[in-house]
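Please work through the following exercises with the sequence and the structure in view, and try each task yourself before you read its solution.

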Amino acid sequence: MVDHASDGIEVHGPESVAVGRVAVRLSMTRALKEMGVARSARTLTAMNQVDGFDCPSCAWPDPQAGERSHAEFCENGAKAVSWEATRERVGRAFFATHSLEQLRAESDHELESHGRLTEPMYLARGASHYVPISWDDALALCASRLREMADPNRAAFYTSGRASNEAAFLFQLLARRLGTNNLPDCSNMCHESSGAALTETIGIGKGTVSLEDITDHTDLIIIVGQNPGTNHPRMLSVLEAAKRRGARIVSANPLPEAGLVRFKNPQRARGLIGRGTALTDLFLPVKVNGDLAMFAGVNKILLEREEATPGTVIDRDFIESYCDGFDEAREGLRDLAWSDVEEASGLTRRQIEAVATEVMAARSVIVCWAMGITQHRNAVATIREIVNFLLLRGNIGRPGAGPSPIRGHSNVQGDRTMGIWEKMPDSFLDRLGEEFNIEVPRAHGYDTVDTIRAMRDGKIDVFFALGGNFVAATPDTAVTESAMAKVGLTVHVATKLNRSHVVHGEEALILPCLGRTERDLQASGEQFVTVEDSMSMVHASHGRLEPGSPHLRSEVAIIAGLGEALFGADVGWRAMAGDYRLIRRHIANVVPGFTDFEERVANPGGFVLPRPPRDSRTFDTASGKARFTHNALDAIQVPEGHLILQTVRSHDQFNTTVYGLDDRYRGIEGGRRVVFVNEADLAARGLADADMVDLVSVWDDGERRARSFRAVAYPTLRGCAAAYFPEANVLVPLDSTAVTSNTPTSKSIVIRLEAAQPT
Ligand code: SF4
């Protein structure tokens, strides 16, 4: 990871209102700069429309067909498409004049700023520059390296959450046809903990809430570990609609994020000129990693109040009819000491009682969460406790109620539905084998962390990434980068140059693909693809722009081309690439919920997948019932003088893509190497705002250091700190992962601050 100096960073202090006129101006400025007038108009008016393309950024759902505005996107969606549909190009002349050494010295932002890739590029062993290679030669090289492997499990196939359903389905078919379940994906690093906890407790690894539950039905929305103003901005207009109807919002976050405080809706005149809508009714400055204690505290109070006035607080009929494990969970909560709850959550009993009072006044409650919950050692336990909270009052399986994990990347949920998982259930693998008449491997494969370990240990010959920026997204940057160098061949399907292309294996290929905005023309004519949003709606996405280069291929065509190079005609790779309807026919036969896929996805707005807990209070768990669980607090022990650091995104960033160097809502301008710390914590260490510090994380195997960060005195809770990823990923030990889900603990890293050492 490149260290860039922090000179020139300006700090203005956090804002208390999100979106408004500034967001509109910045969206348009960015679009015009990257795309020009005509291209901007064509692109932005097609975005998130029924006959247009799905935003390639987050997975927030669209309103029903007929209820969408002409500008159905947010500032960050506009940044994402401008970034993809830029007129800048990075072709063979660029690679001839830029050595890998030069490129490695550039920041992530600079690498992507060069523009769209235009043709396949190859890096030979020991070479200093990428050189052009034909598609046939690139795919033949990749196929031959895969064939040379002694064991199919010496390959790993990584998927980023942008891949369409069609590409993802074909990709997992390719890996399994080869004989491996090594299918790590970005979900391993984000909502794996949600999937694990929800599958265990309610029998489905996804949320059960629809957009209308928030806008039309719920009485109370609890938002934890999530910053919607930056990460899912159109959620703010949905929250605003709920507020105008009378719903209340409780939010808990170690940072007072602008998007949780007040929202100026750019779609309404009053939103542009007025003060905006106050969103949060009750804000809780919870400690980093304190959410389990907070929910346990709320649950304890609900049970105490039920004991005081039986039959008035919890939903006994629901619990008796649909749940098990209640008695054990109740005993665990009864034994919980308030001192432990307060210590672990950073909240007082009175603050937690205020939440319980809000809950008791609400007939229907939704809980929304994101990475602030999922990337901790006890993340799965935290989400299980959220489920306990919902079950206590029957808040699953009726309108306006339920769990709502909010997904980060546009099709990350769909990719998992399509079989991108290292441990898909046998029922799926059986159907896949029957559909294609192939032998399907059963041994579980590597997830993301295990893939890095395998690379490090010399057990991977070919690493193939369908999108994403693996080395920037993953933890323990120094370990991951040196692990990557031990791989025989690294292959990246990508739209733009990124760090994973310049931190490579012994040989490397970059295969340039179409973006979501671009027309996809195949043998049978123009194709569309499908995606699944955070609320299980499956819908079509039609690219509208001419491809950025005549040499680009779709992700489907690239995978199918490799499939044919490896296995010949076999399962019909070429036919599927020529007509995506054939892929959807196979999906309909293999993936539950996709019967009549082609017909149903033709509906404007698509269709919703079954969610049995919501649809019929059916729970596909081991016992057939929704499960209460007992979750010990197990708070992180922070040594004297240390802080708990969480990694966060800036407002000019989507996952590893850095659009610019500002973070408007947190008042940062012109740089990213900042660490947000409470002023009293700085003073206690003899430091002050604007001092330069190194961040040092401590772990069993030693210390890790991230150098030269500007300290920013910030109104976060004492004992807590925050810094941007990927810059702070170097601090996250590879072996520090969540129990059960193996998700890196990027939201709770024990660090200390030291005066910056010279680099
Ligand atoms: S909320 Fe998410 S999906 Fe919607 S436009 Fe913004 S970034 Fe794109």
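**Exercise 1.** At roughly what angle do the axes of helix α6 and helix α27 cross, and within what distance do they come?

Solution. Before starting, note that this is a predicted model, in which local features need pLDDT of at least 70 and side-chain atom pairs count only at pLDDT 80 or more, while totals for chains, interfaces and linings use all residues. Residues are numbered from 1 along each chain as its sequence is written. Helices (H or I, at least four residues) and strands (E, at least two) are DSSP runs, numbered from the N terminus.

Step 1: the axes of α6 (residues 135-148) and α27 (residues 555-567) come within 9 Å and cross at roughly 55°. Axes are lines fitted to C-alpha atoms, for helices over the stretch in contact, and angles run from 0 to 180 degrees between N-to-C directions.

Step 2: this crossing makes α6 oblique to α27, since angles under 35 degrees count as roughly parallel, over 145 as roughly antiparallel, 65 to 115 as roughly perpendicular and the rest as oblique.

Step 3: the contact is made by Trp135, Leu139, Ala140, Cys142, Ala143 and Leu146 on the α6 side, and by Gly561, Leu562, Ala565 and Leu566 on the α27 side. Two residues are in contact if their C-beta atoms, placed from the backbone, lie within 7 Å.

Step 4: sorted by kind, the residues of the contact of α6 with α27 give 9 nonpolar, 1 polar and no charged. Here Ala, Val, Leu, Ile, Met, Phe, Trp, Tyr, Cys and Pro count as nonpolar, Asp, Glu, Lys and Arg as charged, and the others, Gly among them, as polar.

**Exercise 2.** Describe how α22 packs with α29, and sort the residues of their contact by kind.

Solution. Step 1: helix α22 (residues 426-436) and α29 have axes 9 Å apart and pack at an angle of about 135°, and the two are therefore oblique to each other.

Step 2: α22 contributes Arg431, Leu432 and Glu435 to the contact, and α29 contributes His586, Asn589 and Val590.

Step 3: the residues of the contact of α22 with α29 divide into 2 nonpolar, 2 polar and 2 charged.

**Exercise 3.** Which residues have the most contacts inside the largest nonpolar core, and which helix gives the largest share of this core?

Solution. Step 1: a nonpolar core is a set of buried Ala, Val, Leu, Ile, Met, Phe, Trp, Tyr and Cys residues joined through C-beta atoms within 7 Å. A residue is buried if 20 or more other C-beta atoms lie within 10 Å of its own, exposed if 12 or fewer, and partly exposed in between.

Step 2: the largest nonpolar core has 176 residues, and those with the most contacts inside it are Leu170, Phe171, Ile221, Val298 and Val367. Helix α20 (residues 379-392) supplies the largest share of this core, 10 residues.

Step 3: apart from this core lies another one, of 36 residues, which include Val11, Val712, Ala728 and Ile751.

Step 4: isoleucine 221, leaving aside its neighbours within four places in sequence, is in contact with Ile214, Leu239, Ala242, Ala247, Ile249, Ile366 and Cys368. Of these partners, Leu239 and Ala242 are among the buried residues of helix α11 (residues 235-245), and α11 is followed by glycine 246, whose phi is positive, near 115°.

**Exercise 4.** Where is aspartate 596 found, and is it buried or exposed?

Solution. Step 1: aspartate 596 is found in the loop between α29 (580-590) and α30 (597-601). Step 2: aspartate 596 counts as exposed because it has 10 C-beta neighbours inside 10 Å. Step 3: although aspartate 596 is not a glycine, its phi is positive, about 55°.

**Exercise 5.** Place serine 708 and aspartate 689 in the chain, and state the exposure of each.

Solution. Step 1: serine 708 has its place in strand β31 (residues 702-713), and with 18 C-beta neighbours inside 10 Å it counts as partly exposed. Step 2: aspartate 689 lies in the loop between α32 (679-684) and β30 (692-699), and it is partly exposed because 14 other C-beta atoms are within 10 Å. Step 3: leaving aside its neighbours within four places in sequence, aspartate 689 is in contact with Glu679, Leu682, Ala711, Val712 and Ala713.
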